[in-house]
Amino acid sequence: MERVYPAQPMKLGRVERIEFEYTRHGVVALIANWHIAKGQVITPTVGTTRTEEDFFEHINKTIETDPEAGWIFLVDQLNIHQSESLVRLVAQRCSIDIDFGVKGQSGILQSMATRAAFLSARNHRIRFVYIPKHTSWLNQIECWFSILVRRLLKRSSFTSTEDLKHQILDFIAYFNRTLAKPFVWRFVGFPESD
């Protein structure tokens, strides 16, 4: 969104006023990973769509950064996170040569549940862990997305989708360079009431 009129600057006793009218230039989709130990965003992908192919390419690009490493991807239960292409990618990368069946009919490819079971198998070097529905706070990249919204997107104006893409990537580079640190979970539960 690009604001139609410039913001009115803050003055003594008055906060900055953001114009509510805007011109919409389109959308971008950000797919990113959170490196838990480093507290950094790694291998961000900014594109025009968020399809099975986009997610497959993103995961493949991430694995390519260290092809022999063990990878655990914590994801929600979105259908693109349980796709046939991911099953085939994990099988190829982990040298698993078996009959996968036919999508929608039989074997590992039969349903999203059977594909998710294969993708989350603990004996795979590359695996996916699916968080329960409505628990996005368990996925640390979701916490970082809220930082992105608060620090970059909320009060900004972008002249095009390319401008937005570049500003997101610049913010990620800045964040990783200056603000990155692992999240420390401090919540220990609600106090018991008397």
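The buried residues of helix H4 pack against strand S3 (29-35), strand S4 (40-47) and helix H5 (161-179). Buried here means under 20% relative accessible area, exposed over 50%, and partly exposed in between, with a 1.4 Å probe and protein chains only. Contact means heavy atoms within 4.5 Å. Helices (H or I, at least four residues) and strands (E, at least two) are DSSP runs, numbered from the N terminus.

The model is predicted: local features need pLDDT of at least 70, side-chain atom pairs count only at pLDDT 80 or more, and totals for chains, interfaces and linings use all residues. Residues are numbered from 1 along each chain as its sequence is written, and side-chain values use heavy atoms, with hydrogens and water left out.

H4 covers residues 140-153, 14 in number, and spans 19 Å from its first C-alpha to its last, close to the 20 Å expected at 1.5 Å a residue; the expected span is 1.5 Å times one less than the number of residues. Its buried residues are Gln140, Ile141, Trp144, Ile147, Leu148 and Leu152. Seen down the axis of H4, these residues fall within an arc of 105 degrees, so they line one face of the helix; the arc is that of the directions from the helix axis to the C-beta atoms. An α-helix has 3.6 residues a turn, so residues three or four places apart point the same way.

In helix H5 lies Asn176, which counts as buried at 18% relative accessibility. Leaving aside neighbours within four places in sequence, Asn176 is in contact with Gln40 and Val41.

Two residues other than glycine have a positive phi:

| Residue | Phi | Location | Relative accessibility |
|---|---|---|---|
| Thr43 | about 40 degrees | strand S4 | 16%, buried |
| Ser95 | near 55 degrees | loop between helix H2 (84-93) and helix H3 (112-119) | 66%, exposed |

The largest pocket has a volume of about 720 Å³. A pocket is an open set of points on a 1 Å grid over the protein atoms alone, where a 1.4 Å probe fits, with protein on both sides within 12 Å along at least five of seven lines; lining residues have an atom within 4 Å of a point. Grid points are joined across faces, edges and corners, and the volume is the space filled by probe spheres set on the points. Of its 31 lining residues, Ala32, Asn33, Leu74, Asn139 and Ile141 are the closest to the centre. S3, helix H1 (52-64), strand S5 (71-75) and H4 each give two or more residues to the lining.
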